[in-house]
Amino acid sequence: PLTESSSVCISDLEEYNNYTVLIRANNGAGEGVAALLTVRTLRTAPNHPPQNLTVVSQNSTVIRVCFYPPPSVNQNGPLTLFNISYSGLSLDTLTQRMSVPVYPEVYPLTNMLCCNLTNLQEYNNYTIRVKAVNTNGDGPESAEVVG
């Protein structure tokens, strides 16, 4: 039996989702009036990496990076940007990091996001990874691709 100050924990809910809960008191006198309560679970960092990362060399110093955002259910709140990390495969190239806003180039029919990595070392290959970011932090990185 529940008391005046009883609480119930509902577990296994998904992040950043709305839930409606029906609350109704029940005692020896019968059932009370039902109350509906709608709540939203808290935001967390994305829990899925961007998908289908592709890279294409545009010229000797530019690589075009395209990808899809994580599925909506795994974004756990509005995405604020994507971090693209890349490093050259030659020994004399330092690891560089670039942050790309969510809206660099969006292809509306496909929801694909694309941007260019520029001013790269001529004729060098790079390893590239992407992760989604929201106000609660960074999500996991995508699989690495070489371009």
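In this predicted model, 4 strands line up as an open sheet, in the order β5-β6-β10-β9, and the pairing is antiparallel. At the edges stand β5 and β9; each has a single partner strand, so one side of each is left without a neighbour in the sheet. Further in, β6, which covers residues 62-68, pairs with β10 in the antiparallel sense, and 5 bridges link the two. One spot on this pairing is easy to find: valine 65 sits opposite cysteine 115, a residue of β10.

Zooming out, the whole chain turns out to be a strand affair, with 13 strands and 0 helices. Reading along the sequence therefore gives nothing but one β after another: β-β-β-β-β-β-β-β-β-β-β-β-β. The chain has 147 residues, and 30% of them count as buried. Among contacts with a separation of 6 or more, 56% join residues that are 24 or more positions apart. As for the outside, the chain exposes about 9,500 Å², and carbon and sulfur atoms supply 53% of that area.

What about the inside? In soluble globular proteins, nonpolar side chains tend to be buried together. Here, the largest nonpolar core contains 18 residues, and the ones with the most contacts inside it are Val65, Phe67, Ile84 and Ile128. Several strands chip in: β5, β6, β7 (79-88), β10 and β11 (126-134) each supply at least two residues of this core. Valine 65, already met opposite cysteine 115, is a good place to look around. Leaving out residues up to four places away in sequence, valine 65 touches Leu53, Thr54, Val55, Ile84, Leu113, Cys114, Cys115, Leu117, Ile128 and Val130. Two of the names on that list, Ile84 and Ile128, also belong to the group with the most contacts inside the core.

Val130 turns up again around serine 142. This serine lies in a loop, the one between β12 (137-138) and β13 (145-146). Is serine 142 buried or exposed? Its relative accessibility is 7%, so serine 142 counts as buried, given that the cut-off for buried is under 20%. Apart from neighbours within four places in sequence, serine 142 is in contact with Pro49, Pro50, Leu53, Arg129 and Val130. Leu53 is worth spotting too, since valine 65 also touches this leucine.

Two asparagines catch the eye for their backbone angles. Asparagine 52 has a positive phi of about 50°, although it is not a glycine. This residue belongs to strand β5, which spans residues 51-59, and β5 is one of the strands at the edges of the sheet. With 55% relative accessibility, asparagine 52 counts as exposed. Asparagine 111 likewise is not a glycine, yet its phi is positive, at about 70°. Asparagine 111 is found in the loop between β9 (106-107) and β10 (112-117). Its relative accessibility of 41% makes asparagine 111 partly exposed.

Finally, some nonpolar residues are on the surface. Which residues make up the nonpolar surface patch of about 280 Å²? The patch is made by Val8, Ile10 and Leu13. Of these, leucine 13 is located in the segment before β1 (18-23). Leucine 13 counts as partly exposed because its relative accessibility is 36%, which falls between the 20% and 50% cut-offs.

Definitions and conventions:
Residues are numbered from 1 along each chain as its sequence is written. This is a predicted model: local features need pLDDT of at least 70, side-chain atom pairs count only at pLDDT 80 or more; totals for chains, interfaces and linings use all residues. Side-chain values use heavy atoms; hydrogens and water are left out. Buried means under 20% relative accessible area, exposed over 50%, partly exposed in between (1.4 Å probe, protein chains only). Contact means heavy atoms within 4.5 Å. Two strands pair if DSSP finds at least two bridges between them. Patches are made of residues with over 30% relative accessible area and no salt bridge: like charges are joined within 9 Å, nonpolar side chains (Val, Leu, Ile, Met, Phe, Trp, Tyr) within 5 Å. Accessible areas come from the Shrake-Rupley method with a 1.4 Å probe; for residues, only the protein chains shown count as cover. A salt bridge is a side-chain nitrogen of Lys or Arg within 4 Å of a carboxyl oxygen of Asp or Glu. A nonpolar core is a set of buried Ala, Val, Leu, Ile, Met, Phe, Trp, Tyr and Cys residues joined through side-chain atoms within 4.5 Å.
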